[in-house]
Amino acid sequence: MPERLVASLDGPPGAPVVVLGNSLGTTRGLWAPQAGVLGGRFRLLRYEHRGHGGSPAPAGPYDIAGLAADVLRLLDDFGIAAASYCGISLGGMIGMWLAAHAPERIGALAVCCTSAYLPPAGFWTDRAAQARTAGMASLAEPVVGRWFTPAFRARDPATVARFVTTVAGLDPQGYAGCCEAIAAMDQRSSLARISARTLVIAGAEDPATPPWHGARIASAVGRSRLRVIRGGSHLANVSQPGEVTAALLAHLTSPP
């Protein structure tokens, strides 16, 4: 059964809805750099993955289809027949599943710093095991270290520290289950089923999902284009907010 996730819906009454999907290890605050601009034009449905931001963390196993079903339940609960979807990392993986398997629910799609297939599976299952046995504090700094370039970490240590605190406070069971969902994921064969207009954003300096991951998504999706953000690492929307916000706004407001 899909879980009832913690979520919020804000924005101008009657405006089109955009769902914002977070990366693994983050909460709705991830979208703060974009919320002001996008929230002026759209109603923003922001949600928390299982074990994140107060959402329930049921026993596993989790898979991408199940995490996507959670989002479909949210759309139903809020009475939203269809929406655009923007997702970062895990949020992007969920967005691709929704666009391929529930195309009538997803209008424009934007995925950022993500992949359709992210081996080796052992990397993710080992991380899940560490979360359960050693706790989230043991993972927080090394995980967040991969999200930003050294230049950004030196320029804005306070922002980096906030993300470290967020990771340390997550529910280990929920985080581990999401890791295992990524370990088991392979969406490469379903990308061609995506009919929504799709923007793929990649960070030029992203070690987790390098630009070639985005290029493979864009090459497989029919109505897509790739945008590589110079200087961006895995959370390109935070380190290069202006470019990412402008790209998302242009994509979401362009004619069908």
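The following dialogue explains how to read several features of this predicted model.

Biologist: Let us begin with enclosed space. How many cavities of 30 Å³ or more does a search of the whole structure find?

Modeller: A cavity is a space where a probe fits but cannot get out. In this structure, the search finds 1 cavity of 30 Å³ or more. The space in the largest cavity is about 30 Å³.

Biologist: Which residues line the largest cavity, and which element provides the largest share of that lining?

Modeller: The lining is made up of Cys113, Thr114, Val200, Ile201, Ala202, Thr209, Pro210 and Gly214. Strand S6, residues 198-203, gives the largest share, with 3 residues. By class, 5 of the lining residues are nonpolar and 3 are polar, while no charged residues take part.

Biologist: Two of those lining residues invite a closer look. Where is Cys113 found, and is Cys113 buried or exposed?

Modeller: Burial is read from relative accessible area, and a residue under 20% counts as buried. Cys113 is found in the loop between S5 and H4. Its relative accessible area is 1%, so Cys113 is buried. The backbone of Cys113 also deserves attention: its phi is positive, about 50°, although Cys113 is not a glycine.

Biologist: Which other residue has a positive phi although it is not a glycine?

Modeller: Ser89 has a positive phi of about 55°. Ser89 is placed in the loop between strand S4 (83-88) and H3. Because its relative accessibility is 7%, Ser89 counts as buried.

Biologist: And what does Val200, the second of the cavity residues, touch?

Modeller: A contact is read from heavy atoms within 4.5 Å. Leaving aside residues up to four places away in sequence, Val200 touches Val111, Gly214, Ile217, Ala218, Arg225, Leu226 and Arg227. Val200 is found in strand S6 and is buried, with a relative accessible area of 1%. One may also set separation in sequence beside separation in space: Val200 and Pro157 are 43 residues apart in sequence, and their C-alpha atoms are 28 Å apart.

Biologist: Let us turn to open space. What is the volume of the largest pocket, and which residues are the closest to its centre?

Modeller: A pocket, in contrast to a cavity, is an open set of points. The largest pocket here has a volume of about 250 Å³. Its lining has 16 residues, and the closest to the centre are Leu118, Phe123, Trp124, Arg146 and Ala208. Helix H4, residues 121-134, supplies the largest share of the lining, 3 residues. By class, the lining divides into 10 nonpolar, 4 polar and 2 charged residues.

Biologist: How does one read the buried side of a helix, and which residues of helix H5 are buried?

Modeller: One asks which residues are buried and how their directions spread around the axis. In H5 (residues 137-145), the buried residues are Leu139, Ala140, Val143 and Val144. These lie on the same side of H5 because they cover an arc of only 115° around the axis. Among the elements covering them are H4, helix H7 (157-168) and helix H8 (172-184).

Biologist: How many residues does the largest nonpolar core have?

Modeller: A nonpolar core is a set of buried residues joined through side-chain atoms. The largest one has 87 residues, and those with the most contacts inside it are Tyr85, Leu90, Ile94, Leu98, Phe148, Tyr175 and Ile194. Helix H3, residues 90-101, contributes the largest share of this core, 8 residues. As an example of surroundings, Phe148 touches Arg153, Val160, Phe163, Ser233, Leu235, Val238 and Ser239, not counting residues up to four places away in sequence.

Biologist: Is Arg105 buried or exposed, and what does Arg105 touch?

Modeller: Arg105 counts as buried, because its relative accessibility is 14%. Arg105 is found in the loop between H3 and strand S5 (106-112). Not counting residues up to four places away in sequence, Arg105 touches Leu72, Leu75, Asp76, Ile80, Ala81, Ala82 and Ala83.

Biologist: Finally, which residues are joined by a cis peptide bond?

Modeller: Such a bond is read from the omega angle. Gly60 and Pro61 are joined by a cis peptide bond with omega of about 0°, and Pro61 is placed in the loop between strand S3 (43-47) and helix H2 (64-77). Another cis peptide bond joins Pro119 and Pro120, with omega of about 5°. Pro120 has its place in the loop between S5 and H4.

Notes: Residues numbered from 1 in each chain as written. Predicted model: local features only at pLDDT ≥ 70, side-chain atom pairs only at ≥ 80, totals over all residues. Heavy atoms only, no water. 1 Å grid on protein atoms, 1.4 Å probe; cavity = no way out; pocket = protein on both sides within 12 Å on 5 of 7 lines; lining within 4 Å. Points joined across faces, edges and corners; volume = space filled by probe spheres on them. Helix = DSSP H or I, 4+ residues; strand = E, 2+ residues; numbered from the N terminus. Nonpolar A, V, L, I, M, F, W, Y, C, P; charged D, E, K, R; others polar. Buried < 20%, exposed > 50% of the residue type's maximum accessible area, 1.4 Å probe, protein only. Arc of directions from axis to C-beta. Core = buried A, V, L, I, M, F, W, Y, C linked by side-chain atoms within 4.5 Å.
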